[in-house]
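Let's take a walk through this structure together, beginning with its aromatic side chains and working outwards from there. Please have the model open and ready to turn.

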Amino acid sequence: MTDTSLRHGNSMIPVIQVRVGQDPDKPHMGTLAIDDWTVPCAIGRGGLVQPNFKREGDGATPIGCFPLRYGFFDPTAFAPETFRALDFPFVPKPKNYDWSEDGLSPLYNRFNYDLDPASPSTLGHRIFDMFIPIGWNDSVAAAFAGSAIYLHIAREDFTPTAGCVVIAHDRVLELARRMQPGMMIDIALAGAKSNTLAAPELRTASAIEIVSFRGMEKGPKIIVTGAVHGDEPAGPRAITRLISEIRSGAINLLNGSITFVPVINSLAWRRASREGDRNLNRYLSEKVISHDNEDRVGNILCPLLREHDVLIDLHSFAGAGDPMVLVGPSNNRGHSEPFWRAEEESALAVAMGLPLIVHGWVAAHERMRAMRLELGLVPIPPSSAATGTTEYMRFAGGYGVTVECGQHQAEKGPQTGYEAVLCGLVHLGMIRAPANHSAQRNIRALEIIEPILALHENDSLLRVFYAGEPVVSGKVIGRRHDGTDIVVPYHGAIIFASRTAAAGTELCFLCRSSARF
């Protein structure tokens, strides 16, 4: 029997327990349980998210324990007397209603039933034949922190939701019968223990959350980071899962220490934008005087990186393409990025099991700088402009990899990041290999050679190229504003492509196959 009650003082609070993540191939699927009654359920397309990282429109379901105060039923779908006989307070849903999702409105995350009688009827919508608002962000609604999260009815194919929890239509009456006044819903990853407290009221985040675990034996010091860019959700969701599984004992840390920073750039994350005031993954260093948000973040992040040996930085990208891992240069004594731990870094990258490994970023950036000078464009500083998290980590004496988990909203992105970190920890001897652990056999390696710059704001690529897409010498990939073709000069591949770009910035980078790995 599942324990689905929480203690509050001397009384027990009845709880609906939702656990998600049992099936890695269907990360949105889980189970909903009340005592010994268990049914399949589905959650948001964005997976589970810690409450302080939830934001409007992310499609994610918040982790935590939330009140279920009342419910609605459609009187054209169910006999009203069926619901009147129940303990839980259900009322007929109005003919017309909506739920405000406008973060700028004073009615944000509020039920609105005073609509124009001529508005289209909401009756007869099968997935809302019965629904129960989940008490998320509703006591004092924080703008853009998420709204309109319900327990309601799944579509027939159990597709992911926009953040709600859903069960099959033929199970909702039994659910309604088991509902009790004052009930809570406890949402977490599979294997997590019951949440003992409801989530607090949300406020604007003003601090960076850092979670650390230390093994009982000496070993490497690893740091795993997410949301350097605020529009990349895979990292925070993968990290949330890893934290939960270490806490529950599903992952046992044998030695060393691991530090998780789910959201590095909280301002960019709240805005769901790539940056707060600028790109944090450029010009990363400590600043005596902080001029912007990213300077302030850097003053926290840089000392934190120096405390560790190895960085795994989780990202995603806008276009299509396979997940990849980015690494630094070979060992060298050069001026732009001297390095002496390439063998360790390369071994970690290979162990992560991703199909594509890419290197050459700083050297390519130096070529872009030279090209801008030749074209008479505003010069950019050498080297430092290319310094992001992994470059800083190498500068500080450690090593690090950037894991690109796939497209930003790809459903499997968080799973890719989660598995990459697990593979890295297995490789470093910090955890035991999972039962289904296997190494990637077909790894493709690319070296970034040079950028294709937009010389005019109307320069563009012909289409969106996926990350790592092969191209042949002479292939036309774009067109300049004056009508001339942009032609590939050699056999290779395209990476980090955008259809358009500001004048003087890159439309894409060209790569060549690398024998380094």
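**Rings, charges and the overall fold**

A good place to start is a cluster of aromatic residues: Tyr70, Phe72, Tyr97, Trp99, Phe111, Phe128, Phe131 and Tyr150 are linked by ring pairs. Keep in mind as you look that this is a predicted model. Across the whole structure, a search turns up 19 aromatic pairs. Take Tyr70 and Phe72, whose ring centres are 5.6 Å apart; their planes meet at 85°, so this pair is edge-to-face. The two partners differ in how they are covered: Tyr70 is partly exposed, with a relative accessible area of 31%, whereas Phe72 is buried, at 6% relative accessibility.

For another geometry, turn to Tyr392 and Phe395. Here the ring centres are 5.5 Å apart and the planes stand at 55°, so the pair is tilted. A tilted pair has planes that are neither under 30 degrees apart nor over 60. Both residues belong to helix 8, which covers residues 389-395, and because they are three residues apart, about one helical turn separates them. Are these two rings buried or exposed? Tyr392 is buried, with a relative accessible area of 6%, while Phe395 is exposed, at 65% relative accessibility.

Stay in helix 8 for a moment, since Arg394 is placed there too. Its relative accessibility is 6%, so Arg394 counts as buried, the cut-off being 20%. Which ring does the charged end of Arg394 sit over? That ring belongs to Phe339, and the charged end lies 5.8 Å from its centre. Phe339 is also one of the residues in contact with Arg394 once neighbours within four places in sequence are left aside. The others in that set are Val327, Gly328, Pro329, Glu337, Glu345, Tyr399 and Gly400. For a sense of distance, try finding Arg45: Arg394 and Arg45 are 349 residues apart in sequence, and their C-alpha atoms are 36 Å apart in space. A second arginine placed over a ring is Arg241, whose charged end sits over Tyr418 at 3.6 Å from the ring centre.

Now let's look at a sheet. Strands 24, 26 and 27 form an open sheet in the order 24-26-27, with antiparallel pairing. Its edges are strand 24 (460-461) and strand 27 (485-487), each of which pairs on one side only. Strand 24 and strand 26 (residues 476-479) run antiparallel and are joined by two bridges. If you would like a residue to anchor your view, pick Leu461, whose bridge partner in strand 26 is Gly478.

Finally, zoom out to the full chain. It contains nine helices and 29 strands. How does its radius of gyration fit with a compact globule? For 517 residues, such a globule would have a radius of gyration near 24 Å, and the chain's value of 25 Å agrees with that. Along the principal axes, the C-alpha atoms fill a box of roughly 80 × 60 × 45 Å. Of the 517 residues, 53% count as buried. Among contacts with a separation of 6 or more, 68% are between residues 24 or more positions apart. The accessible surface of the chain comes to about 23,200 Å², and carbon and sulfur atoms account for 52% of that area.

How values were computed. Residues numbered from 1 in each chain as written. Predicted model: local features only at pLDDT ≥ 70, side-chain atom pairs only at ≥ 80, totals over all residues. Heavy atoms only, no water. Phe/Tyr/Trp six-rings, centres within 6.5 Å; stacked < 30°, edge-to-face > 60°. Buried < 20%, exposed > 50% of the residue type's maximum accessible area, 1.4 Å probe, protein only. Helix = DSSP H or I, 4+ residues; strand = E, 2+ residues; numbered from the N terminus. Lys NZ or Arg CZ within 6 Å of the ring centre and 35° of its normal. Rg over C-alpha atoms; globule rule 2.2 N^0.38 Å. Contact = heavy atoms within 4.5 Å. Areas by Shrake-Rupley, 256 points an atom, 1.4 Å probe, with all protein chains shown as cover. Pairing = 2+ DSSP bridges.
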